[in-house]
Amino acid sequence: MELPGNSITNYIFPNNYEIWWSILIVIYPYITGLIAGAFIVSTLSHLFRIKEFDNIANFSLVTAFCFGCFAGVPLLFHLGQPQRALEIFITPHWTSPMSIFGYVYFTYMILLAVEIWLIYRPFFIRRANETEGSGLVGYVWYAMTLGVTTYHPDSLRADKKISAILTGLGIPWAFALHGYVGFIFGSVKAIAMWGTPLQPVVFILSAIVSGMAMLLLMYTFIAWRTKMPFEYPMIRKFMLILWGVFLIDISLEILELAFHKYELDRQWENLEPLMYGPLWETLIVGQFLILSLIPFLVLGFISLFHPKDKMTLFLANLACLMIVLQVLLMRYNVVIGGQLISKSERGFVEFHWDFFSREGVFMAAAIFIAPFVLYYVISRVIPIFDSPAYEPEDDEATEPHTPAP
Amino acid sequence: MNKHPMTDGQEEKTGTRREFLRNVLAGTIPATVLMVYGPGVLAHREPSELPRGEGIPKAEHYWIYVININNCIGCGNCVRACKAENEVPDKTFRTWVERYIISGEGVHVESPRGALEGFREINAGVRQRAVKSYTVPKMCNHCHHPPCVKVCPVGATFKSPEGFVLVDWEYCIGCAFCVQACPYGARFINPKEHKADKCTWCYHRVKAGKLPACVTVCPNKARLFGDRWDAEAEVTKVFLEDNWLVLKPHLTTDPTCYYVGLGREVI
Amino acid sequence: MKNLSPHTHLYRLGALLAAFFVVFLVVKSWATPASWIDDVDNWYRLDSLEEMKLKPLVFGGNESCKECHGKTYGQFTGNTGNEHKGLSCESCHGPVTRHAKGGKKIADAIRESKSTWQCQNCHLEMINKPKDFPQFKRQAKIKEHAEFLAGLFPEGTVCLKCHAAHDPTPDKCVKKEDPECSSVAKAKK
């Protein structure tokens, strides 16, 4: 293996013996990325008024919320002193990108919660009335309506306005929620792979891409299980937008490396042996050659050649599965790959896969599966693909609707 | 240019006066800015010149550290003393010594257990091919612009008024962001305490009027510690000549550990 | 049915969020440590500086040895030609707090009497050491030294047979009156 710094032996600083930010810190930006991505899909309907996405807007929001509930968990498990985690809220040091996590995450969850609440309020009211607020479940429904158990028809306008504002605010907020992670890495000039102004942009774009891809995979699975008809126009448009964003995403990822290589700057001295050495399989072969090139071609094929419905669905899922893995692998390559470069700039640190510890693979897997479990629980309780809008005639739906005289 | 008949002649006069004022200001403002923030002033920012909030105690000393590579014999006394003084756990180091052996093929750097037991003899083959060799002690550089302090999310690490970069163990959450940000590999997460740890220039010793442990046991004056504001101090005299360097100057961390006799191979 | 306006739910939501915000501000100001320094770059708990001063010292420095070992201290620092003058006692003998407490000995100080490790650590020739630093090669020119190092004298610190550790200058050589020692004879010639 080639070594940087004209070195003839692999020399790492004595304190570089461990990779401090391990699998949990790979999962964390992945989850916040999924939140941002899912939220952006909901804005395609709510803000950009693309009709095809209207039916999956609620689905996107609820998914974003589910991932959001678990976003802080990997961080909590990673901290050396988790019981001091609340210090982020008490004395956030504003020169540190990590300090904004506390407030941005919290307010973003409130924003998501309020937006979902405004959409599902009619449903909560209906449920509260059905159960008449009695019993534990009934009380929960009552609490969810904040005591307002009649649906005033004029409130729709105010709700819609607030919703629009929240959606508009939500975009920069989602960008802050995930972009700051990119800033965390981009601001570390000590690590050759991390320190670049492009990092926040690349993180946000790959977040959108991963969120969209994950949503499509979930949608396909749910529609298949619940025997819902697939909405092919939505899927096609979805793939077109995904293709465009993915193209920009991988362009920027490659652009960064291209500039380093072209200018042969100091960072390239460490990046080159890293890419062709320890990261060959995961970065060059895995992330770029297989998981970027193939989905890019597949998505291009779907968007340009308009294959038949069944084929589109299959190819879309294939591409999205690869993209979901690509983004996960990108997080791995950045987080762990960057730490492989010793600060001595004369060697590479070895990464040892950890399975059973507090920061191990199984813990990461459990944290990652939890949002899906939460989504399943929520989907049993509130309608996700059906409209939650208030229909006074709902209870008389079985009777034929006689026109008013 | 619009020439209104009513203000035509007047505009010319006020125009030239306005122009003149504009030119003067255009020169004065950048000049003032340059004077205040020019490169000469930036080179050595003393603690008292840094921005201050209320309640920060005034500094009475401006501590700096000088490492003389020409004197270092690689005995490892400093590493052992630091371990004993500060109860540094195994595998982690608040200070360590590196040996550089430079030959025609490239650079070989090693630090066997941080030079805890010094260095071993090298065989005759390597000896023959070696062109140059020296040992370099490393530690926290207590930078003027510490990247580690900047990125601490809760304010658990900071630069004290007298120049020490310290970690508040009652407050650190162990997120390891500072460990990532340090370009010198000086920081680590203490495996017993689960908090960020690093060289403190033996703050407790210096405040008691003594020298850091590593400086105390160094046999050949390779490590010096002193007050830059003391004109008679050995450390101050280092700056009378221009043969001192700092590590990784391109990262503009502006360290307060100054190296004399540093080879260009040292990163 | 109460007469609720179309915006009641929004007012209640707003009130709920406002209440939460107020509670948050109260808790935050209560939880912030009292001695906090509130400046952008200087952001820390001032009391930590006082706490750090309380850490017990392990090494005492040479002055801490002088009290009980005045004579040796005098030897060590007295002779102007002494090459070992100014060295730290504790660098060879270990920190004072592991040896004495409250003026009384609690354990023996380290004395490398069984091997030459202590001497070799500084003085064995290595290419990384400065050329003007006194160092000897294993393949010593002086035959006597080579014999010593080859293990002819397996017990004790062989270096100390001729060089007093506290003052290794030649005329302090411990065997200087020994007619058997050929290097002494050589020097006298």
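Select B:Lys248 and A:Glu345 to begin, and you will find their side chains meeting in a salt bridge, with 3.1 Å from N to O. The model on your screen is a predicted one, and this pair is a good place from which to look along the boundary of chain B and chain A, where the rule finds one salt bridge.

**The interface of chain B and chain A**

Next, select the residues of chain B that are in contact with chain A, which number 54, and then their partners in chain A, which number 40. The area buried between chain B and chain A comes to about 3900 Å², and carbon and sulfur atoms give 56% of that area. If you turn on polar contacts, the rule finds 33 residue pairs across this interface, with both residues of a pair at pLDDT 80 or more. Colour β2 (95-103), β3 (106-110), α5 (147-151), α6 (177-181) and β7 (188-189) of chain B, since each of these elements supplies at least two residues of the side that touches chain A. Among the elements of chain B, β3(B) gives the most to that side, with five residues. Coloured by residue class, the side of chain B that touches chain A divides into 28 nonpolar, 14 polar and 12 charged residues.

**One residue at the boundary: A:Ser7**

Now centre the view on A:Ser7, which is found in the segment of chain A before α1 (23-46). Is A:Ser7 buried or exposed? A:Ser7 has a relative accessible area of 10%, and because the cut-off for buried is under 20%, A:Ser7 counts as buried. Apart from its neighbours within four places in sequence, A:Ser7 is in contact with A:Arg346 and, in the other chain, with B:Val107. Show the side chain of A:Ser7 as well, and look for its polar atom that lies 2.6 Å from the backbone oxygen of A:Thr9.

**Chain B on its own**

Hide the other chains for a moment, and what remains is a chain of 267 residues, of which buried residues make up 58%. Chain B has nine helices and 11 strands. Of the contacts in chain B with a separation of 6 or more, 63% are between residues 24 or more positions apart.

**The nonpolar cores**

Bring chain A back and select A:Trp21, A:Phe59, A:Tyr120, A:Ile235, A:Phe238 and A:Met239, the residues with the most contacts inside the largest nonpolar core, which has 159 residues. Around A:Met239, leaving aside neighbours within four places in sequence, the residues in contact include A:Leu216, A:Leu299, A:Ile302 and A:Cys320. A second, separate core has 50 residues, and B:Tyr184, B:Ala186, B:Leu247 and B:Leu262 are included in this one.

**The interface of chain C and chain A**

For the last stop, show chain C together with chain A, where the contact takes 22 residues from chain C and 23 residues from chain A. Chain C and chain A bury about 1900 Å² between them, with 78% of it on carbon and sulfur atoms. Select C:Pro6, C:His9 and C:Trp43, which lose the most area to chain A in chain C and together account for 30% of what that side buries. How many salt bridges are there between chain C and chain A? The count is zero, whereas the rule finds five residue pairs in polar contact across this interface, both residues at pLDDT 80 or more. Helix α1 (residues 8-31) of chain C provides the largest share of the side that touches chain A, with 11 residues. That side of chain C divides into 14 nonpolar, five polar and three charged residues.

Terms used:
Residues are numbered from 1 along each chain as its sequence is written. Chains are lettered from A and ligands numbered from 1 in the order in which they are written. This is a predicted model: local features need pLDDT of at least 70, side-chain atom pairs count only at pLDDT 80 or more; totals for chains, interfaces and linings use all residues. Side-chain values use heavy atoms; hydrogens and water are left out. Helices (H or I, at least four residues) and strands (E, at least two) are DSSP runs, numbered from the N terminus. Buried means under 20% relative accessible area, exposed over 50%, partly exposed in between (1.4 Å probe, protein chains only). A polar contact is a pair of N or O atoms within 3.5 Å; within protein, one must be able to donate a hydrogen and the other to accept it, and residues adjacent in sequence count only if both atoms are side-chain atoms. Contact means heavy atoms within 4.5 Å. Buried area is the accessible area (1.4 Å probe) that two parts lose on being put together, summed over both. A salt bridge is a side-chain nitrogen of Lys or Arg within 4 Å of a carboxyl oxygen of Asp or Glu. Ala, Val, Leu, Ile, Met, Phe, Trp, Tyr, Cys and Pro count as nonpolar, Asp, Glu, Lys and Arg as charged, and the others, Gly among them, as polar. A nonpolar core is a set of buried Ala, Val, Leu, Ile, Met, Phe, Trp, Tyr and Cys residues joined through side-chain atoms within 4.5 Å.
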